[in-house]
Amino acid sequence: MTLNSEGEEYYVMYVHDQETYAAKWLKENLREDARIYVDRLGWCRPISQGGIRSSVYPGAFIEENKPLGEGYIYLRYCGTVDGKLMDSNYQWHDITEYQDEFAKRALIYSNGGSEVWR
């Protein structure tokens, strides 16, 4: 499959180096029982790139803007660089809609293409 650098297939299939580095960093630094919140298409990054099995899609957060519980937020490239999160209906949401949640958390890892918040 040939991918261009935009579009849904690109966001689903292409794994940026920064996403891999963030997943590996998270694996080394997370609490064992912690949840890792990801957008709809981000669930596979922590699993495939970091060997982390505790990623959760927070539908109520992304789709209804309800607060998250304890845990980490893993933002992949499209969330960090493009400022977009995908919901379960494959609709994009601007990350600025969730600034209240991010304001309550601390950015603990950033590499220019992926972030981890706690």
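Here are some questions and answers about this predicted model.

Residues are numbered from 1 along each chain as its sequence is written. Because the model is predicted, local features need pLDDT of at least 70 and side-chain atom pairs pLDDT 80 or more, while totals for chains, interfaces and linings use all residues, and side-chain values use heavy atoms, with hydrogens and water left out.

Q: How many aromatic pairs does the structure hold?
A: Rings of Phe, Tyr and Trp (its six-membered ring) pair if their centres lie within 6.5 Å; planes under 30 degrees apart are stacked, over 60 edge-to-face, and the rest tilted. By that rule, the structure's count of aromatic pairs is three.

Q: What kind of aromatic pair do F61 and Y98 form?
A: Both F61 and Y98 are buried (under 20% relative accessible area; exposed is over 50% and partly exposed in between, with a 1.4 Å probe and protein chains only). F61 sits in helix α4 and Y98 in the loop between β5 and α6, 37 residues apart; helices (H or I, at least four residues) and strands (E, at least two) are DSSP runs, numbered from the N terminus. With 4.8 Å centre to centre and 45 degrees between the planes, this pair is tilted.

Q: What kind of aromatic pair do F102 and W117 form?
A: This one links helix α6, home of F102, with strand β7, home of W117. F102 counts as buried because its relative accessible area is 5%, and W117 is buried too, at 15%. The rings are 5.0 Å centre to centre with 75 degrees between the planes, so by the cut-off of over 60 the pair is edge-to-face.

Q: Which residue lies over the face of W92?
A: A charge sits over a ring if NZ of Lys or CZ of Arg is within 6 Å of the ring centre and within 35 degrees of the ring normal. Here the distance from the ring centre is 4.6 Å, and the residue is K84.

Q: Where do the buried residues of α2 lie around its axis?
A: Helix α2 covers residues 17–29, and its buried residues are E19, T20, A22, A23 and L26. The exposed D17 and E28 are on the face turned away from the buried side. The buried ones span an arc of only 165 degrees (using directions from the helix axis to the C-beta atoms), which means they lie on the same side of α2.

Q: Which are the edge strands of the open sheet?
A: Two strands pair if DSSP finds at least two bridges between them. Five strands run in the order β2-β1-β3-β7-β6, with mixed pairing. Each edge strand pairs on one side only, and these are β2 and β6.

Q: In which sense do β3 and β7 pair, parallel or antiparallel?
A: Strands of a sheet pair through backbone hydrogen bonds, in either sense. In this sheet, β1 and β3 run parallel, joined by two bridges. On the β7 side, I73 stands opposite W117, and L75 has E115 as its bridge partner. Over three bridges, β3 and β7 are antiparallel.

Q: Is N111 buried, exposed or partly exposed?
A: N111 is in the loop between β6 and β7. Leaving out residues up to four places away in sequence, N111 touches Q18, Y21 and A22 (contact means heavy atoms within 4.5 Å). Its relative accessibility is 24%, so N111 counts as partly exposed.

Notes
The expected span of a helix is 1.5 Å times one less than its number of residues.
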